[in-house]
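Please work through the following exercises with the sequence and the three-dimensional structure side by side. Each exercise sets a task and then solves it step by step.

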Amino acid sequence: MTRSLALPAVTARARLSGKPILMAKHLQRDLDNLQQDILALAGLVEGAIHKAIRALRERDVKVARDVIAVDPQIDTEENHIEEECLKMLALHQPVAIDLRRIASAMMINIDLERMGDLAEEIAERAVHLAGLPRLPIDDANLQKMTDLTTMMVRQSLDAFVNLSTEQAQVVMRMDDEVDRLNVEIIQAVVAAMKRSPDQIDAGLSMFSAVRHLERIADHATNIAEDVIYLVEGEIVRHRPTGNNN
């Protein structure tokens, strides 16, 4: 999915005072480049997540190995973005919303890289599970959890692009349902292992994969919270969801 965002061409001071002062060209250019770098990394991570889940569900080793192979590129992009953010802080000494934009980008950058790591972990579990008998568990909940998690990732990034706190709050509310499904799936996996001790190996791998999927949803929630911080200047992490309405 291609995303773009036109950054305002005025400084934080101008936004706060209402004065039509143009942002310094270099800062504007660096913010534009930073935005594109974040979106490029997001595209890599989204692709890795989709492929990892597909590999898990379809027991496709080739697709799983593709996910594992792309992780070094994700790590490289994450390092590049962090370096650029630090340079911008040192060179431009931004304030107010400009500072929040860079700070949010740094936090989102970390969450995206961790999502990439989790996608790699799911892919590795998929490779292992491909050589084992299928667990006798209902696949419906896993499908629901997969759909919700990928939706959360997509919508959290859309909220960032659109600077939409409404979209961000929707993502945050969805996390409770993912947590519920995670518990139900884990309970089913444990029950299957108790019934068939010979499937403990497969059960443990599925347990790990599902847990990694739940953690991806948590990182999508983090991005949604970062969007609220960016737009409103309010830190909402570690607060009950009901306080974000």
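**Exercise 1.** Which residues does N109 touch, not counting residues up to four places away in sequence?

*Solution.* Begin with the kind of model: this is a predicted model, in which local features need pLDDT of at least 70 and side-chain atom pairs count only at pLDDT 80 or more, while totals for chains, interfaces and linings use all residues. Residues are numbered from 1 along each chain as its sequence is written, and side-chain values use heavy atoms, with hydrogens and water left out. Next, place the residue: N109 lies in helix 4, where helices (H or I, at least four residues) and strands (E, at least two) are DSSP runs numbered from the N terminus. Then list its partners, taking contact to mean heavy atoms within 4.5 Å: N109 touches I38, L41, E77, E78, I81 and E82. Finally, consider its accessibility, for which buried means under 20% relative accessible area, exposed over 50% and partly exposed in between, with a 1.4 Å probe and protein chains only. N109 has a relative accessible area of 2% and is therefore buried.

**Exercise 2.** Describe the overall make-up of the protein, and state how confident the predictor is in the model.

*Solution.* Start with the secondary structure: the protein has seven helices and zero strands, so that its pattern along the sequence reads α-α-α-α-α-α-α. Turn then to burial and surface: of the 245 residues, 47% are buried, and the accessible surface comes to about 11,900 Å², with 54% of it belonging to carbon and sulfur atoms. That area comes from the Shrake-Rupley method with a 1.4 Å probe, and for residues only the protein chains shown count as cover. As for contacts between residues at least 6 apart in sequence, 81% of them join residues at least 24 apart. Last comes confidence, expressed as pLDDT, which is the predictor's confidence in each residue on a scale from 0 to 100. The mean pLDDT is 87, and 87% of the residues reach 70 or more. Over residues 5-23, however, pLDDT stays under 50, and for this stretch the model has 40 contacts beyond four places in sequence.

**Exercise 3.** Determine how helix 3 is arranged against helix 4, and how helix 5 is arranged against helix 6.

*Solution.* Two packed helices are described by the angle between their axes and the distance between the axes. The axes are lines fitted to C-alpha atoms, for helices over the stretch in contact, and the angles run from 0 to 180 degrees between N-to-C directions. For the pair formed by helix 3 (residues 61-92) and helix 4 (residues 96-130), the axes come within 9 Å and cross at roughly 165 degrees. Helix 3 is therefore roughly antiparallel to helix 4, given that angles under 35 degrees count as roughly parallel, over 145 as roughly antiparallel, 65 to 115 as roughly perpendicular and the rest as oblique. For helix 5 (residues 140-162) and helix 6 (residues 165-195), the axes come within 9 Å and cross at roughly 160 degrees, which makes helix 5 roughly antiparallel to helix 6. The handedness remains: a crossing is left-handed if the near helix is turned anticlockwise from the far one by less than a right angle, and right-handed if clockwise. The crossing of helix 3 and helix 4 is left-handed, and helix 5 likewise passes helix 6 in a left-handed crossing.

**Exercise 4.** Locate A96 and L163, and describe their backbone and accessibility.

*Solution.* A96 is found in helix 4 and, although not a glycine, has a positive phi of about 50 degrees. With a relative accessible area of 28%, A96 is partly exposed. L163, found in the loop between helix 5 and helix 6, has a positive phi of about 50 degrees and is not a glycine. At 32% relative accessibility, L163 counts as partly exposed.

**Exercise 5.** Find the surroundings of R54, K144 and G131.

*Solution.* R54 lies in helix 2 (residues 25-58), and its relative accessible area of 42% makes R54 partly exposed. Leaving aside neighbours within four places in sequence, R54 is in contact with R59, D60 and V63. K144 lies in helix 5; K144 and L181 are 37 residues apart in sequence and 7.8 Å apart in space, C-alpha to C-alpha. G131, in the loop between helix 4 and helix 5, counts as exposed at 64% relative accessibility.
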